[in-house]
Amino acid sequence: MTQTGPATPLERPTQRSQAKADRRAALLAAAATLFAERGFNGVSIEDLGSSVGVSGPAVYRHFSSKQAVLEALLVGVSERLLAGGQDVEQAGPGADDALRALIGFHIDFALGEPDTIRVQDRDLDALPDPARRQVRRLQRRYVEVWMRVLGELHPSLTDDELRVRVQGTFGLLNSTPHTARIGSAQVAPDAVRPVLERMAWAALTSA
């Protein structure tokens, strides 16, 4: 009779891989928080490591440099936004519903990842040129998703006007990390969301 060996040795690479992925994700989350608070230049590799309970040198098992951390953070979020926007565009039964879904999708991002928005606003120029160009290309493609959907809803608008409306709406929604604070108080997301939805819809579709 042929006997099979224990499953544990076969599972170990998967477990190690998952642990590595979890640690990498934790480092990126910590980087977003620290970079938002102190700026890219105000954070060291040792700061990143200690924030997730490892030594500074251990960070190099996941990223080759602090710049590589910033690149993974900003390229990664741009890729996720583009992929999510494309999914919404393809799933929408009509332009009206698709545009509302895009607004909701981007509000989820703005409310859920305010630190990443702050980092992108302030530290994009700290990326090496190839990574910065990649982020810009991904951002343009994300804008184009919105332009296509809005263009279906308002076919009389020129490309220039579509682009201005979309980029203006992003400016509105991405300002949430700043405008959702009143003094030292944080406005509840449940109170912010419907206001942003109405304002974004009006900005995009006004005559």
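Which residue forms a salt bridge with D115? Let us work through this and a few other exercises on this predicted model.

**Exercise 1. Find the salt-bridge partner of D115 and describe where the two residues sit.**

Solution.
- Step 1: The partner is R118, and the closest N and O atoms of the two side chains are 2.7 Å apart. A salt bridge needs such atoms within 4 Å, so this pair qualifies.
- Step 2: Helix α5, residues 114–123, holds both R118 and D115. They are three residues apart, about one turn of the helix.
- Step 3: R118 has 19% relative accessibility and counts as buried, because the cut-off for buried is under 20%. D115 has 23% and is partly exposed.

**Exercise 2. Sketch the overall layout of the protein chain.**

Solution.
- Step 1: Begin with the elements: the chain has nine helices and two strands.
- Step 2: Put them in sequence order, and the pattern reads α-α-α-α-α-α-α-α-β-β-α.
- Step 3: Turn to burial: of the 207 residues, 39% are buried.
- Step 4: Add the surface, which has an accessible area of about 11600 Å², with 52% belonging to carbon and sulfur atoms.
- Step 5: Finish with the contacts. Among those with a separation of 6 or more, 73% are between residues 24 or more positions apart.

**Exercise 3. Look at two further salt bridges, R148 with E89 and R163 with D160, and say which parts of the chain they link.**

Solution.
- Step 1: It helps to recall that side chains of opposite charge can pair when their charged atoms come close. The whole structure contains eleven salt bridges.
- Step 2: In the pair R148 and E89, the closest N and O atoms are 2.8 Å apart. This pair links distant parts of the chain, with R148 in helix α6 (residues 129–153) and E89 in helix α3 (residues 66–91), 59 residues apart. R148 is partly exposed, at 40% relative accessibility.
- Step 3: In the pair R163 and D160, the N to O distance is 3.9 Å. Both residues belong to helix α7 (residues 159–174) and are three residues apart, about one turn of the helix.
- Step 4: Check their exposure: R163 is partly exposed at 32%, while D160 is exposed at 56%.
- Step 5: One network remains to be noted: D108, R193 and E197 are joined by salt bridges that share partners.

**Exercise 4. Which residues form one aromatic cluster, and how do the rings of two of its pairs meet?**

Solution.
- Step 1: The cluster consists of F105, Y142, W146 and F170. A search of the whole structure finds five aromatic pairs.
- Step 2: Y142 and F170 are stacked, at 5.2 Å centre to centre and with 10° between the planes. Y142 is in helix α6 and F170 in helix α7, so this pair ties together parts that are 28 residues apart in sequence.
- Step 3: Both partners are buried, Y142 at 4% relative accessibility and F170 at 10%.
- Step 4: W146 and F170 have ring centres 5.0 Å apart and planes at 85°, so this pair is edge-to-face. W146 lies in helix α6 and F170 in helix α7, 24 residues apart. W146 is buried, as is F170.

**Exercise 5. Over which rings do the charged ends of K66 and R100 sit?**

Solution.
- Step 1: For K66, the ring is that of F40, with the charged end 4.2 Å from the ring centre.
- Step 2: For R100, the ring is that of W201, and the distance to its centre is 3.8 Å.

Terms used: Residues numbered from 1 in each chain as written. Predicted model: local features only at pLDDT ≥ 70, side-chain atom pairs only at ≥ 80, totals over all residues. Heavy atoms only, no water. Helix = DSSP H or I, 4+ residues; strand = E, 2+ residues; numbered from the N terminus. Buried < 20%, exposed > 50% of the residue type's maximum accessible area, 1.4 Å probe, protein only. Contact = heavy atoms within 4.5 Å. Areas by Shrake-Rupley, 256 points an atom, 1.4 Å probe, with all protein chains shown as cover. Phe/Tyr/Trp six-rings, centres within 6.5 Å; stacked < 30°, edge-to-face > 60°. Lys NZ or Arg CZ within 6 Å of the ring centre and 35° of its normal.
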